[in-house]
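Let's walk through this one together, strand by strand and then over to the ligand. Have the viewer open as you read.

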Amino acid sequence: MRKQIVAGNWKMNNDVKETKSLLKNINKGIKKMSLKNKKVIVAPSFTNLNTAISVTKNSKIKVAAQNMNAAKNGAFTGEVSANMLKSLKVKTVILGHSERRAYFGENDAVLKEKVDSALAQNMKIIFCFGEELSDRKDNNHFKLVESQIKNGLFHLPESAWKRIVLAYEPVWAIGTGETASPEQAQEMHAFIRKTLSEQYTPELAENISILYGGSVKPANAKEIFSKADVDGGLIGGAALKADDFLAIIAAL
Ligand code: PGA
């Protein structure tokens, strides 16, 4: 059975104090929930990872990083390596978020290197991809998504996929208040699974969790998560309020 996951991508939000308080409130709410076959992840910025790890020590929340550099170490001012994350006990990293692709020049080739580096350190990866509005208007969205997955991940052996979660995030739905309809999400997720099945095996495709991201809120989470190939969500804005995040987890 595929794991159901809600992951909160905090982006460049929250200082140490806010991180503590938000996580304490999420912890409190989660204690009352049964999380059978469900996983809750939060991804604070690098400066708050240590705090997040210590506040979630005895809780069901897992902590992920939002990015990492592909290099092991060296003269890369301002960067953070997989090894550094692991030394904080952070075992998961988000790679390929559309903001990294758009604002920091992370193309498929860079992401492929990051994927390899994270896997070499035994980390888990939430790999993000998704089309721009213009791709969808040109009816190019399936091709584009297929190429992002292929270029970033299809060089991997089957065994590596145990450590990969996919996150389909149409760029036009991120932070815009515009959500893909549950049908649009389902259509793309089914396409992704078919693509995986053709490249690898039907079993592998069946076992990969595919999250949807882009303006998921308490009001629309249940309907999106109810779709057969949607295994949870990657949440931005709504992950910054404990009540909203908890309501989205409850919708899983
Ligand atoms: P959003 O962001 O929920 O604010 O649209 C999602 C994301 O960027 O992962």
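Start with a single pair: Cys128 sits opposite Ala167 of strand 6. Before going further, a word on what you're looking at: this is a predicted model, where local features need pLDDT of at least 70 and side-chain atom pairs count only at pLDDT 80 or more, while totals for chains, interfaces and linings use all residues. Numbering runs from 1 along each chain as its sequence is written, and side-chain values use heavy atoms, with hydrogens and water left out.

That pair belongs to a bigger ladder, since strand 5 (residues 124–129) and strand 6 run parallel and are joined by 5 bridges. Strands here are DSSP runs of E, at least two residues long and numbered from the N terminus, and two of them count as paired if DSSP finds at least two bridges between them. As a general reminder, strands of a sheet pair through backbone hydrogen bonds, either parallel or antiparallel.

Now look at strand 6 itself, residues 164–168. Here 5 of its 5 residues are buried, which means under 20% relative accessible area with a 1.4 Å probe, counting protein chains only. Ile164, Leu166 and Tyr168 point one way, Val165 and Ala167 the other. On to the next neighbour: strand 6 also pairs with strand 7 (residues 210–213), again in the parallel sense, over 3 bridges. Tyr168 stands opposite Tyr212 there.

Zoom out and you get the whole barrel: 8 strands close up in the order 1-2-3-4-5-6-7-8, with parallel pairing. From one strand to the next, the twist averages 30°, with axes being lines fitted to C-alpha atoms and angles running from 0 to 180 degrees between N-to-C directions. Elsewhere in the ring, strand 3 (residues 61–65) and strand 4 (residues 92–95) run parallel and share 2 bridges, with Ala65 partnering Val93.

So what surrounds the ligand? There are 13 residues, the closest being Lys11, His97, Glu169, Gly175 and Ser215; to be counted, a residue needs a heavy atom within 4 Å. For polar contacts, meaning pairs of N or O atoms within 3.5 Å, check the ligand oxygens. The side chain of Lys11 has an N or O atom 2.7 Å from one ligand oxygen, and a polar side-chain atom of His97 is also 2.7 Å from a ligand oxygen. Gly237 contributes a polar backbone atom at 2.8 Å from an oxygen of the ligand. On its own the ligand has 280 Å² of accessible area, and the protein covers 95% of that, by the Shrake-Rupley method with a 1.4 Å probe.

Note on methods
Buried means under 20% relative accessible area, exposed over 50%, partly exposed in between (1.4 Å probe, protein chains only). Helices (H or I, at least four residues) and strands (E, at least two) are DSSP runs, numbered from the N terminus. A polar contact is a pair of N or O atoms within 3.5 Å; within protein, one must be able to donate a hydrogen and the other to accept it, and residues adjacent in sequence count only if both atoms are side-chain atoms.
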